[in-house]
Structure formats: C-alpha cells, structure tokens
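Open the model in your viewer and keep the selection tool handy. We will go from one stop to the next, and at each one you will see what to pick and what is there.

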Amino acid sequence: MAAYIFKRLAQTIIVLWGVSFVTFILMNVVPGDPVLLMMEKRATPEAIARIRHEMGLDKPLYTQYFNFVKGALRFDLGRSYFTKEAVMTALTRRFGVTLRLASSAYVIALVLGISAGVVSALQRGRAFDSAVRGGAVIGISAPVFWVAIILQLIFGLRLKWFPISGIRSPHSFVLPAVALGIRYMASIARVTRTSMLEVIHQDYIRTARSKGLGERAVVLGHALKNALIPIITLAGTELGNLLAGSMLTEWVFAIPGIGKMMVDSILMRDLPMLQGTVLYVAAIFVLSNLVVDISYAFIDPRIRYSKED
Amino acid sequence: MTPPSPMQNLNPNINPSLVSNPVSDPVSNPTPILRVRNLVTNFRTSAGVQRAVDGVSFDVARGETLGIVGESGCGKSVTALSIMRLVDSPGVVEGGEVLYDGVDILKLPMAQMRRIRGNKIAMIFQEPMTSLNPVLTVGTQISEVLRLHEGLGKKEALDKAVEMLSKVHIPMPEKRVRAYPHQMSGGMRQRVMIAMALCCKPDVLICDEPTTALDVTIQAQILSLIQEMKNSTGAAVIMITHDLGVISEIADRVAVMYTGHIIEEGSKMDVLTDPLHPYTEGLLNAAPRIDRDCEELEVIPGAVPNLAALPKGCHFRPRCRRAMEICRTSPEKTCLGEKGGRSVSCWKFAERAKHAKHEGKGERT
Amino acid sequence: MRINMERNRERIDTEQVTPEQVTPEQLTAEQPSGGFWSDSLRRLGGNHLVLTAAGILVLLVAVAVLAPLIAPYDPAYQSLADSLQGPSRGHLLGTDEFGRDILSRIVYGTRISLSVGLISQAIACCIGVFMGALAGYYGGLTDTFISRTIEIFSAFPELLFAIGIMFVLGPGVINVFIALGLLSWTHYARLIRGQVMQLRETEYTQACIVCGGSDARVILRHLLPNCFSIIIVLVTLGIPGAILTEASLSYIGLGVQPPTASWGQMISTAQQYISFYPYYSVAPGLAIIVTVLSFNIFGDGLRDAIDPRLRR
C-alpha cells in the first residue's frame, strides 16, 4: 500500500513538473510582447526596458522558467499585469466560488448519475432503462454552455424561479450547478450502467444469489462495490472536465470564479494571470487524479496488496 | 449394492413405454430429499429456442451422491441452476417440478425460495477464481450466509466462519478469515466455497464441476473434502462433472446427460462397468484405463449438436454406431427400468425389452 | 479413468468462462461467419437507432458539401432592416442581428463543425498512431518517454488545454484544427500503444521479425492494419468531442471568428438577445446536439459491432 502510494506520488511529481513546463512554454511562445501589450502606446523605450527588467523578462528563458518554478513552489505565481494583484491571492479568493459550483454539480452528477445507472442496469430493456440511456446520450451531446443558456431562459427569464446571474444567494448556484452537472451526470450514468451490467453477470453475483441473498443485498452489497471501480476512474477524469466546464458555466451566469477569471485574462491577454490559472487548475486536476487512484486501493483489495501494479 | 451385471435383473414385466422415470430402489433411497420431475429449461434467443434441459427427472436421498455426467452443453449445469432457480435470462425454467421435502420449490414465492437457497440447498460453482467476490473478505462472505439464515450477530457469524474454515482444513483460519479471495490459491478458494455452502448444514449440496478448474492433486483433495463433509452432515450431493474419474471416486449413482436428456441412469458400478447406451459406452471407451490394455482410445465421432437445431429422432443418432431405422424417425424413449434404479433411453433396448418380454429373458448378446 | 469430453468444443470453450451454459454468444459462435467486416456490418445493420444516426450523418455531410445549393440565402448577406426577425416564410428560422438568415448560417455552420471534427481527428490520429506505435513497438526508454508525455498532456482538462493553445495560436479555423488535433492525440496513442504491445508478441509478428523484416515493415504491414478497426472507432467517437470543444472555443470567442458562421459563435451572439429573441439561441444549439448525438450513437454502435471490449 505504502509502496503504491509512493509510486503514484512520484509519478504525480513528474507530471506536475511537465505541466509547469508545458504551461511556461505555451505562454512564452505567445506572439506579441507582453510589456508592449500592458504599456500605453506612448511609453518610452526606457520605461519599457525598466519594466522588462523589473519583471525579469530580460533574463534568458531558462532563468525565467527557473524563477517561475521557484515561485510556483512557494505559491507565488506573479502579479496580474493589470490589477497588479498577486495571482495566487486572486486565485484563492475565487477558488472558493468555483469550488462551491463544481462540488454542487459534482454531487448532483454522482448521486443522480450512479442511481440512474444502477436502476437502469437492473431494469435493463424496460422503459426506465431506455429513458436513462436516451437521456444520457443526449446529455453528453449537448454543449454545457448551451444547456446553461437554455436553463437560464426557462427557469430564470420565463419562470423566474432562480436568478440568472451572480452569486448573491445560495439560490443563484442552483441553475449553474444543474447546467454543469447534467453532462457529468449523463456520462456517469452511462458508465455505471455498463459497469453494473458487466458485474451483474459475474460468477460471484450468482454465488451471492445462491446464498439466498435478496436483490437489494446482492446489488448494494456485492455488485455496486465492484462496479464502482470504473465509475471512480470516470469521476476522477471528469473532475478536470468539470473544472473546465465550470469556466463556461461561470461565463454564462457571470459567476466570479476561476473560470471566469481565466476567460477574462485571455480576453485581456493578462499572461501571468492566465499562466497561473492554467497551472493551478492542472495541478488540482492532477492531484485529484492522485486521490482517485489512492481511493481505488481502498475499494479494490487487489490493488491494495499487489506490489508491482 | 447393485450387482454388476444388471441385465440379469431386467424385469421383463415392465412395459418399457410406461417407465418414463427411474424407479428408486427403496432400500438405498429411503425417502428422496430432492425429486426432480420432467424439468424443462429453455433459452429463448434470437437464433431460436434451445431446450437446454428437456424433461429431466431424478431423485437424490440424504447421504447419497448422484453424479451427473456429460459433455459441455448437454445441460447439466443448467439443470443445477434450474433447481436453484438461478438460470439467467434468456433462460427460463418452463416446466416440471423440483420437489424439496415434498414442496415444489419452482412454484415458491421468491422470498421463500431465498430462505431455501444457501440454507437448505446450497451450491458450489466451477470457477473458484471468479465465484468469490473479489472486494469482500472471505470471512464477510461466509458470515453473510450465517447472518442471513441463522440470524447470527456479526461477531458470532465471524467466529462460526473461522470454525467453518478450520473444518474445511484451511490452515490459520483466524488469519485467513480476513483474507481476500485473490490472496488465496484456487484450491483454497474452493475450500472457502465449500465452507460457505455447508455452513448452514444444507440438505442438498449441488456441486457444479467443483474440481474442473483445479490441478489434479488439488482435485483429489477437494473431492475427499466434499466426501468428508457429506459424511459429517448427511447431505444429499449432486455432483456435476464431465470427468468420469470424479464420478468413479465419489458418486453412488450416475446419470448421463446428452442434449438436455438423461439418457442413462443407474448405480455407479452398473453404469461404469456395463454401460447400456451407446453414448455412455463411447464415453467409457474414450477414457484411458489402467486395467485394460489398448493401443488407442476410441473417439465418439462428430460433435454435440446445436441445441437450436437438434436432429430428428434420437439426438445421438448421427454419432451412433448402432443407429437403426427407427432412431431416425422417432425420438428416443426411456425404455428400461428395473429395481436397481436403472434406466436407459435407447431404441436398442426397446427392441430388446420387447424381445425379452417374449422370451422371458433379458440376456444380453 | 479420466476423460476430457470437452475436446469437440474447444473453439467455444476457450472463449467461454462457463462453457457449460448455453448462451446467446455460443449461438453466434456457431453461426457461419462471413469475415470480420461483413460480420460487423451485419451486427450494425440490426440496430435501427444506429442506422438512423448513420442516415443523419450522411445527410449532414450532404448539407455541408451542398451548402450553397441548400441555403436559401447567402449567409453573409446583411439586411439591417430585417434584423432579429422571428421565423417567417421568408426566413424559416428568422434573422440575426445583421438581418442575415439564421437557417443559411446554420447550414454553412455544418461545414465548420464537420471539418473541425474530421480534420482535427485526422491530425490527432496521425500523431497518436505514430507515437503509440513507437512506444508500443520499441518499449523501454522510448515507451517511458512517450508514456510520460501522454500523461503530461492528459493532465490538462481538455478545454483548458484547447484554450491555452488557441490563446497562443490566435483564433481562426486552421488554428482550431491544430489545437484540437494536439489535444486528442493522447487517446489514440494510449490505445495504439497497448494494441501494438500485444500484437508484437503474436507469432506472425515474431515470425516477420525473425525473418529479418525491418521495423517499419513490421509496424506498417503487420501491426497497424490490425489496429485499423480500433482507429475507425476512435475517430468516430473523437469527432463529437472535437465538435463540442470547437463550439465552446467559438462561444468564448477564441475559435472561429465572425463573419464565418459557426454554431458556437452564433450562440455566443444570440445570448445577448435571449430575453426577447430566444429562437436565435435555440436553433444552433439544436444543430450541435443533433450532430454530436448522431456521431455518438453511430460511434457507440460501431464500437459495439466491431469490438465491444473497447467499451472500457
């Protein structure tokens, strides 16, 4: 177990390093001089050179990268070109909002998705199953932002049940969370259904039935725990997409989270802000995958005890 | 118990067409605990209806071991699953009775059936590797049965599980009870399965090829364990196998299955030493034997026919060396019955039986 | 006295966990088979939903190709006097803020969505198959390096990565192709790597290696043709994702730029008018859903017909 966690940790560190590298490269091949972008057109060459020096942009690229990593390790991701606020401060401030949105959506997706998938698998071929399958495939085919707009239109503008923007009340999170959750709910329901169907035909389920267990005990006690393994994988990889999806949702509902901040920084070409956000989100994604992998070990004893895999 | 030469006991007064079920020997089978009557299980697939089990009947008594032998696809496992009512869709048990202690369990409500499963009738499966739940400890899996049927508490059930593990000769049962299936060898897992099946002292134990997936040496151990457990609990055992070796080691009586029918039934000695049905004969001739000196093993020509497209008449006819004209047109019939519980489905014996009736003698030529 | 009666059924036994049970699979195995592709086609043909999806896809391709003939108006023709008109006989889906015909713009948008889907997946497929084959064939250090690269690339949530690349490259259709290609090559690489690793150990591959076949020959003649069906499935299932990502990019304003008609960007504009003119937002959204849905259903069907094991 310890060896397994250690190995995954080492892998994560390598990946995180790679992520920082790719992020840095991406941001440094952006055409256009960032200093020229942030300065007024009438800035003197001396002023430009001074700012360049202040920001460390006159140093060779590898030194810049080194400084970037050094900063990132100390949670210092530089300052915004425009607001001059430290990127890390802005991120932490806005992360709470995104976290609230994403976690509500995640809970909606997991709870409804898994239940729908399980019932659908057990009712295979019946009306409920067809409805879940149909709904799920439509759910994964609809663009998140469009679903958000339509929800806004129906429940916000027409029925006026929920506010269509902002975060003033807990109420305001309902529509964005549902909009964001629907897609992941759909894919989780699909995977749960497939996985349950596969598990339900395994020999050990027959054994469980042969012991005289009732359907409930067979499904919840024997099948679900086995079926959870692919669901967790998906829940882990989807977490990243959820974060990315929250960018679009935040944009639609004008929610001041990380996503909106990122889109804003793109539109304003605020490099440090963008670089920091990308690194931050990727890091969260990588770490959440690590958590997923370790939680496998708790569900599947075969991983817990195997040394080499 | 039964003399090795059964034909001399052939009762010429029995009208072969009336004897559709084996007649139990009242001495060796006092009261059968499980009686299966004309069991029919069909698989309805897009490719047609397959009669996987087609009118199977047999009895087993407490303390008796019935071996059911046959090739893959002959319906022996489906028979077992039908008795347990565990046939998966698209299979459906469509006819017949399974009388446990006089009650037709095929007609019981599911809730009552569940009280019988694992409690009164237990089953051991072929694949010890996949038949145990990989994410639960063996202790959990055994104690689950005890908690369900005996109403034991968590702690008591676990203690009883340890006891069961030591009964099936698993070393260090206190430690093993916390192990997961993948930490055990195939033989160990099958022992766990046996412990699980026997912890409620069932009246009937159905073993579906319990040794097929195991090494030869382990096979012998598991068989003797089943034997030992049967002797201590007095359960009736139905041993399903394709291996005549297993039959010869453990069974009291043997039923040979082909395409969903029992084509021959009798005591172990009778069937193994004096097979009547050409198919049984073929099976025995295909087996290597130490007591006979022969150069080559015989092979039964052809393959088991597709159940959705069975040949007309006797299903074994295309592979049978002794096929007659009548085998081509009419289906086989159970034509021979006698005190030793012997029956066979073959026209050859219908002819012989008629013949015997005329001459008052059943000597075989 | 041990007999193995299973010998006649070997072919099936190797595939069945419980050879004893008569299962539908067993029946299928006994039916005469007409080769891999015709078998797959036969299985595909049995599914009406999949066939419908395939029909819609054919229709969509036709619309994209014949856009100038089908569209009632020039998608760029502006008529400010007719702006934001609801559906009418003249404009079936109404007009946008410049008085352009929405239906015509959606028809032309098909071109963008389909070409983004196809071209980006073609790019991803080339990179992915190449990298995957290298990693799977050579193993060792090459494999480690490529595998780590795949991991690092997959560490970014897809849309985030797409946005990063688009930010660097700047908006535009060509750049969307490139960004989405760079985004999804890892899916291909991962699966092809696994396949090639497996196939490399097969007898016929080993035989070719022993006979002195060059690496390129072994990979191109023996390994990749065997991955062909997987690649087809991956492309089919990759396209809808690419179309959605393009729509998202264009929606944020980083993808296809106006005046070119793109569904995502149409929704982005339409959003401003949503309170009094919702048709404008609904129509392009439905176009996206129908397209993506058809690809998803067709892709799922194709995967199940060709190789159900790919489900995982």
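Let's begin in chain C, where α11(C) and α13(C) are roughly antiparallel to each other, because an angle over 145 degrees counts as such. This is a predicted model, so please treat it as one throughout the tour.

**Stop 1: a helix pair in chain C**

Select residues 215-252 of chain C for helix α11 and residues 279-306 for helix α13. The two pack at an angle of about 160 degrees, and their axes are 9 Å apart. Now turn the view until one helix lies in front of the other: α11(C) passes α13(C) in a left-handed crossing.

Next, show the side chains where the helices meet. On α11(C), the residues to pick include C:I232, C:V233, C:L237, C:P240 and C:L244. On α13(C), their counterparts in the contact include C:I288, C:V292, C:F295, C:L302 and C:R303. Colour the contact by class and you will find 14 nonpolar, five polar and one charged residues.

**Stop 2: where chain A meets chain C**

Keep chain C on display and add chain A. Here 37 residues of chain A are in contact with 35 residues of chain C. On the chain A side, the elements that give two or more residues include α1 (2-28), α6 (127-141), α7 (144-158) and α12 (271-299). Which element gives the most to this side of chain A? Select α10(A), which contributes eight residues. By class, the side of chain A that touches chain C has 32 nonpolar and five polar residues, with no charged ones.

**Stop 3: two domains in chain B**

Hide the other chains and give chain B two colours. Domain 1 takes in 1-24, 34-120 and 200-312, while domain 2 covers 135-193. Ten residues from domain 1 and nine residues from domain 2 make up the contact between them. On the domain 1 side of that contact, seven residues are nonpolar, three are polar and none is charged.

**Stop 4: a glycine in a strand**

Stay in chain B and zoom in on B:G55, which lies in strand β2 (residues 48-61). B:G55 is partly exposed, because 17 other C-beta atoms lie within 10 Å, between the 12 or fewer of an exposed residue and the 20 or more of a buried one. Leaving aside residues up to four places away in sequence, B:G55 touches B:N38, B:V40 and B:H261.

For a last selection, pick B:S166 together with B:G55. These residues are 111 apart along the chain, and their C-alpha atoms are separated by 41 Å.

Methods:
Residues numbered from 1 in each chain as written. Chains lettered and ligands numbered in written order. Predicted model: local features only at pLDDT ≥ 70, side-chain atom pairs only at ≥ 80, totals over all residues. Helix = DSSP H or I, 4+ residues; strand = E, 2+ residues; numbered from the N terminus. Contact = placed C-beta atoms within 7 Å. Axes fitted to C-alpha atoms, helices over the stretch in contact; angles between N-to-C directions. Parallel < 35°, antiparallel > 145°, perpendicular 65-115°, else oblique. Left-handed = near helix turned anticlockwise from the far one by under 90°. Nonpolar A, V, L, I, M, F, W, Y, C, P; charged D, E, K, R; others polar. Domains from an automatic or database assignment.
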